[in-house]
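Open the model in a viewer and keep the selection panel at hand. The stops below are meant to be taken in order.

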Amino acid sequence: MSEHKDHRVQQPTRANGGKREMTRRQFLGYTLGGTTAFLAAGPVLPMLRFAVDPLLQPASDSDWVRVVEESEITDEPKSFTFVVKQIDGWYESEPTLEAWIARGEDGKIFALNPTCKHLGCTVNWNSNPRFPNQYYCPCHDAHYTKEGKNLAVSPLPLDQYEVKIEGGFVYLGSLGPNQLVD
Amino acid sequence: MAHGPHSNDEKIVYVGDSRVRKKTHRPDPADYTAYPGKSEAFIPNFLLKEWMVGAVVLVGFLMLVMSHPAPLGYPADPTNTAIIPMPDWYFLFMYQLLKYPYASEDYLVFGTVIVPGIMFGALLLAPFLDTGKERRFYKRPMASSLMLVTLAAVTYLTVYSWVHYQHELERQGLVPDHIRAEEERQRAREEGREPDTANRPNQQPIAIVGEDEEGYEIYTRATCATCHMPDLNGNPSLLGIGDKHDKEGILAIIHEGVGGMPAQYEDNIAKGLTDEEIDTLAEWLAKQSANPEE
Amino acid sequence: MLKSIYNWIDERLDVTPIWRDVADHEVPEHVNPAHHFSAFVYCFGGLTFFITVIQILSGMFLVFYYVPDIVNAYNSVDYLQHKVAFGVIVRGMHHWGASLVIVMMFLHTLRVFFTGSYKNPREMNWVVGMLIFFVMLGLGFTGYLLPWDNKAYFATQVGLQIADSVPFIGEYIKTFLQGGSIVGAQTLTRFFALHVFFLPAVLLGLLGAHFIMIRRQGISGPL
């Protein structure tokens, strides 16, 4: 509101050898503005910090989950389900996730998430005769190579789980963008 | 009305294009130049003073908020009997009023409807009951004295209700729910675990471990079963107690008490239990677990 | 820039007189604590409003996390107070503010009563003020249940029992508030609806009327 009172404020007088001095009214205006800012900031700043808390939470790495014996993994991708513990605020749940695990040409094991990167449907390996040995999404005909490279419709390759082999078992970690294809 | 024929001597002034007659007179706000003393503009002069008071109040308020976290007890449990129901403090006087014989049982209507009805009704309609011109409180003794008597009564009832509540807590050996919950959170923080306060209504019931053992037989003879019940699911429940305390912890509680529970050792010796039996009992209780090892 | 936007709007809507009336009205000396220290009793109305604003804001922010459901209500309050940064402050402001607003309003009412300020021509403003008082008590009563802890649950039990004892209509009031035959899931949603939508809407309407009337009539003169 203070901007609109300008026409009532007298121009600062040039007293004391040309030094500009504040009028009493300007001084009151600034003090009032400062007090207003204090009265507003006191209660509102904690509330804002409270509201933006999720933005400032560090991204949490999910724990490693043991999924399957290493010996069961072949060159052909196979679907495995596994259960993760998920803490969503005050709600704790154990959703079942799915991963397609296979051995690459170099013999290394990799795991892909079957969520289509087009619009989030679920892809399946080798499920359409038109696209043999590919992941195929029934929603909009998106299909991917064995490494998850997007061949049509989808803008991005399939996401990939971190994989760890320990004691003959495959462990899956957090989900991230595909590193196998470029 | 606007288009009807009207005489020429009635001049109508319209506001803009509307057919609303312009008001030539409205009650002017009081002109304080008539009063002695200096008046000043609301913004910025007066508001600044008001907000200085506001700033002091805000600082005090935030200090209260920071030093006293809002209380939060255990989740609502309709079967909990260790609670003395208390409304927020500003309802206490009503609550206390209902405890008196002329405001309860057959006269309950008197306490719940008539007294508050007269009180709040009179307050609501004060300007129409006290219609005299005089504003000074000492010049209208009826209104002022009624208000003072009511204030005194409300204050008395509120304070009495609170004191009575404190006495009841002490007599029954109860600790208010929110304090118990806060103690549990404090313990959990120190031990680096999650506090056992969450609301989990669909939890699997915990079973007694080893009901055919000697420990259970001792338990039923000990003082424990009076409150914790023979099935251990009393108040508070001892089912799964071994997950919270080990044998030494349980012995310490038997000897020294905990929270609202007084020490039980002497009473049990008096009941004819031996030290060995109490030891077996503590060992048996420590085995009570939600996930017993097979 | 701001000024030209303001002028553009003002040319069309003539808003200046509206806020000028509020900003420039003269405040007499007898209510000014800078002149007479005892005049601080005239501050309680403004302070009530200030705390009310804090209540509305903190309440709005609390609903970012709170769920009105008997399984999750407690857990969400527990989460927002103990896990979310500044949650203990925001819930603390709402909890203690609820008491403080009653205190301030009570003092404001006493000031108006003992200075006889409710007399002609300000009768209507007194009645509106008392209605605000009742709405605030209603907000206190409905808000007490929402954390769904033992204290909340049992106090509401008692409160509804008192409502039940009112002759003829008591049973209906109780069932309406309770939403069923026990204090439970349906009670919580009803209390939530009353606490965050219905009562605040009534409160804002009454506050508007209260302020318009005081502006129209001016503050009562010195004694």
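The tour goes from one chain to its contact with a neighbour, and then to single residues.

**Stop 1: chain C alone**

This is a predicted model. Select chain C and show it as a cartoon: there are 9 helices and 1 strand. Followed along the sequence, the elements come in the pattern α-α-β-α-α-α-α-α-α-α. The C-alpha trace of chain C spans about 55 × 50 × 35 Å along its principal axes. Chain C has 223 residues, and 55% of them count as buried. Among the contacts in chain C with a separation of 6 or more, 65% are between residues 24 or more positions apart.

**Stop 2: the contact between chain C and chain B**

Add chain B to the view. How many residues does each chain bring to the contact? Chain C brings 82 residues and chain B brings 79 residues. Together the two chains bury about 7200 Å², with 68% of that area on carbon and sulfur atoms.

Polar contacts join 35 residue pairs between chain C and chain B, counting pairs with both residues at pLDDT 80 or more. Now colour chain C by element. On the side of chain C that touches chain B, at least two residues each come from helix 2 (16-24), strand 1 (26-27), helix 3 (44-62), helix 4 (72-82), helix 5 (87-114), helix 6 (123-145), helix 7 (150-164) and helix 9 (185-217). Which helix gives the most to this side? Helix 5 of chain C does, with 17 residues. By residue type, the side of chain C that touches chain B divides into 49 nonpolar, 21 polar and 12 charged residues.

**Stop 3: a strand pair across the contact**

Select residues 40-41 of chain B, which form strand 1 of that chain. This strand pairs with strand 1 of chain C in the antiparallel sense, over 2 bridges. One residue to label is A41(B), whose bridge partner in strand 1 of chain C is E26(C).

Stay in chain B and pick E40(B), which forms a salt bridge with K49(B); the closest N and O atoms are 2.8 Å apart. E40(B) is buried, with a relative accessible area of 12%, whereas K49(B) is partly exposed at 23% relative accessibility.

A little further along is a cis peptide bond between I43(B) and P44(B), with omega about 0°. P44(B) belongs to helix 1 (residues 42-67) of chain B.

**Stop 4: salt bridges around R185(B)**

The structure holds 26 salt bridges over all chains, and 3 salt bridges are counted between chain C and chain B. To see one that crosses the contact, select D78(C) and R185(B), whose side chains meet at 3.8 Å, N to O.

R185(B) also forms a salt bridge with E182(B), at 3.1 Å between the closest N and O atoms. These two residues are separated by about one helical turn, because they lie 3 residues apart in helix 6 (residues 177-191) of chain B. Is R185(B) buried or exposed? R185(B) counts as buried, at 3% relative accessibility. Its partner E182(B) is partly exposed, with a relative accessible area of 33%.

Next select R193(B) and E184(B), which form a salt bridge with the closest N and O atoms 3.0 Å apart. R193(B) is partly exposed at 32% relative accessibility, while E184(B) is buried at 5%. Then select E182(B), R185(B), R189(B) and D78(C) together: salt bridges that share partners join these residues into one network.

**Stop 5: backbone details in the loops of chain C**

Return to chain C and start at D14(C), in the loop between helix 1 (2-13) and helix 2. D14(C) is not a glycine, yet its phi is positive, at about 50°.

Move on to the loop between helix 5 and helix 6, where P121(C) is found. The peptide bond from N120(C) to P121(C) is cis, with omega near 10°.

Finish at W148(C), in the loop between helix 6 and helix 7 of chain C. W148(C) is another residue other than glycine with a positive phi, near 55°. Check its surface as well: W148(C) counts as buried, at 5% relative accessibility.

Technical notes. Residues numbered from 1 in each chain as written. Chains lettered and ligands numbered in written order. Predicted model: local features only at pLDDT ≥ 70, side-chain atom pairs only at ≥ 80, totals over all residues. Heavy atoms only, no water. Contact = heavy atoms within 4.5 Å. Buried area = accessible area lost by both parts, 1.4 Å probe. Salt bridge = Lys/Arg side-chain N within 4 Å of Asp/Glu carboxyl O. Polar contact = N/O pair within 3.5 Å; in protein donor to acceptor, adjacent residues only side chain to side chain. Helix = DSSP H or I, 4+ residues; strand = E, 2+ residues; numbered from the N terminus. Nonpolar A, V, L, I, M, F, W, Y, C, P; charged D, E, K, R; others polar. Pairing = 2+ DSSP bridges. Buried < 20%, exposed > 50% of the residue type's maximum accessible area, 1.4 Å probe, protein only.
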